[in-house]
Amino acid sequence: MQRNLLSKHFFDRAKKVIPGGVNSPVRACKSVGADPIFVESGSGCWVWDVDGNSYMDFVCSWGPLILGHCHPEVVAAVKKAAETGSSFGIPTWSEVKLAEMIVDMVPSIEKVRLVNSGTEATMSAVRLARGFTNRKKIVKFNGCYHGHADSFLVKAGSGVATLGIPGSPGVPEEIVQNTIAIPFNDKDAVKNVLDKEGDQVACIIVEPVPANMGVVLPDEDFLPFLRQITQERGIVLIFDEVITGFRLAPGGAQEYFDIMPDLTCLGKIIGGGLPVGAYGGKAEIMDQIAPDGPVYQAGTLSGNPLAMAAGIKTLEILSRPGIYELLENRMDYLAGELKTISQKYGIKCTIQKIASMMTCFFGQDGPIRNFEQASQSDTEFYGKYFRQMLRNGVYLAPSQFEAAFVSLAHNWDDLDFAIEATESSFKVLA
Ligand SMILES: *Cc1c(COP(=O)(O)O)cnc(C)c1O
């Protein structure tokens, strides 16, 4: 029997001083009908809560921890950095090193600016695209999440989808009037919008593989189509690779699909568990940023030495041979077993995966191509599944509209533990 007295205690205290008791909404576990656990520590693919329960972790800090918790080499690098100064606001060599690694690994990036979060990266990339084109409007896709900047809070994914809200109060209509949201994988919708107001569109921003409405794959011709139509019309194509960057391949989705965007947003994995974001792309566009150009963007803690140390070490480890094959093999195994078990117990679901990320959409029996379809999933069943898996020692994302991540620390025996937990959960829920 699980004990959760201390988690409850901290949640009660948290609710008094932090809105909703959490610093990011989905963590509150509302949509899965649970109270959050409070974590004490993590190691490898495991986390321990303040009551001493252990859970196998498939959230991995929402993607960054592709090496698992407390990878010894990353820990050593951060410790070493902390001992030589945590922040200067004066250039350091470690910023140069991480930037060089990003330019090396991500095919379309010639120059890169480091920031502190994915939200900062997307917000700045859009400002840059607007400054570069001298146009106002942006096109995004329903269910894609690009952080919480005002312009993006239109039919967004992630927590916005989880809470089932269309946008957010506090975002002026004048701002979102410049954001056009259309269905993912819908070439006609893109064409119609651009035929009507293409000369006012600064950029199309897209998660090349959306993972914030659950994992949804692009149709084979969709990304090539976006590349071509934006090129024809002088529109900046932005790939938001905050999740897919260093997840699908060392060079992200652009390497995986061999499609080169004009600008790329990064985050999550490049920080190795510390707060880092980045945006980069063609030198011609990036040179528009201050101090070389007129588009302003700055940050007191940008290029923070501790975060750089974690990022550099993480990318270095990911550059070693065989890592991505191993990760993908493990995910294939997990997803394959999940499919077999779901059929055995008659649980209706569609499993979608790529590389080391996956979503199991419950109540579905065909491929999910967009947010409109994803939102038909059985979220009530997902809630029951989440709670049952928690009882069985597995921590999944507390929302149907998120991905499960396999890290390098999830070895074969660990996966068997998760598969057994799934089987006993389905047995109860069937
Ligand atoms: C997480 C995420 C963001 C926002 O990053 P934060 O670091 O949470 O601000 C942006 N885009 C995508 C695709 C993401 O998954």
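**Two domains and a ligand site**

Colleague: How many salt bridges does the rule find across the interface of domain 1 and domain 2?
Modeller: Keep in mind that this is a predicted model. Between domain 1 and domain 2, the rule's count of salt bridges comes to 1.

Colleague: Okay, and which residue forms a salt bridge with Arg369?
Modeller: Start from the domain bounds: domain 1 covers 5–70 + 322–429, and domain 2 covers 72–318. Arg369 therefore falls in domain 1, as its number lies within 322–429. The closest N and O atoms of the pair are 2.5 Å apart, and the partner of Arg369 is Asp219.

Colleague: Which element gives the largest share of the side of domain 1 that touches domain 2?
Modeller: Besides that salt bridge, the rule finds 10 residue pairs in polar contact across the interface. Four elements give two or more residues to this side of domain 1: α12 (323–344), β11 (349–354), β12 (357–362) and α13 (371–374). By class, the side has 22 nonpolar, 8 polar and 5 charged residues. The largest share, 4 residues, comes from β12.

Colleague: How much area is buried between domain 1 and domain 2?
Modeller: The C-alpha centres of the two domains lie 25 Å apart. Even so, 35 residues of domain 1 are in contact with 38 residues of domain 2. The size of an interface is often given as the accessible area lost when the parts come together. Carbon and sulfur atoms give 66% of the buried area here, and the total is about 3,000 Å².

Colleague: Let's move to the ligand. Which residue has a side-chain N or O atom 2.6 Å from a nitrogen atom of the ligand?
Modeller: The residues around the ligand include Ser117, Thr119, Tyr145, His146, Asp240 and Lys268. Thr119 has a polar side-chain atom 2.6 Å from an oxygen atom of the ligand, so Thr119 isn't the one you want. Lys268 also has a side-chain N or O atom 2.6 Å from a ligand oxygen. The residue with its side chain by a ligand nitrogen is Asp240.

Colleague: Where is Lys268 placed?
Modeller: Most residues other than glycine have a negative phi, and most peptide bonds are trans. Lys268 isn't a glycine, yet its phi is positive, about 40°. Its place is the loop between β9 (263–266) and β10 (277–281).

Colleague: And which two residues does a cis peptide bond join?
Modeller: The proline of this pair sits in the loop between α10 (283–286) and α11 (305–318). Omega is about 10°, and the joined residues are Ala290 and Pro291.

Colleague: Last one: how many residues apart are Lys187 and Asp221?
Modeller: The structure holds 15 salt bridges. Lys187 and Asp221 form one, with the closest N and O atoms 2.6 Å apart. Lys187 is in helix α7 (residues 187–197), while Asp221 is in the loop between β7 (201–206) and α8 (222–232). The pair links distant parts of the chain, and the separation is 34 residues.

How values were computed:
Residues are numbered from 1 along each chain as its sequence is written. This is a predicted model: local features need pLDDT of at least 70, side-chain atom pairs count only at pLDDT 80 or more; totals for chains, interfaces and linings use all residues. Side-chain values use heavy atoms; hydrogens and water are left out. Contact means heavy atoms within 4.5 Å. Buried area is the accessible area (1.4 Å probe) that two parts lose on being put together, summed over both. A salt bridge is a side-chain nitrogen of Lys or Arg within 4 Å of a carboxyl oxygen of Asp or Glu. A polar contact is a pair of N or O atoms within 3.5 Å; within protein, one must be able to donate a hydrogen and the other to accept it, and residues adjacent in sequence count only if both atoms are side-chain atoms. Ala, Val, Leu, Ile, Met, Phe, Trp, Tyr, Cys and Pro count as nonpolar, Asp, Glu, Lys and Arg as charged, and the others, Gly among them, as polar. A residue is near a molecule or strand if one of its heavy atoms lies within 4 Å of it.
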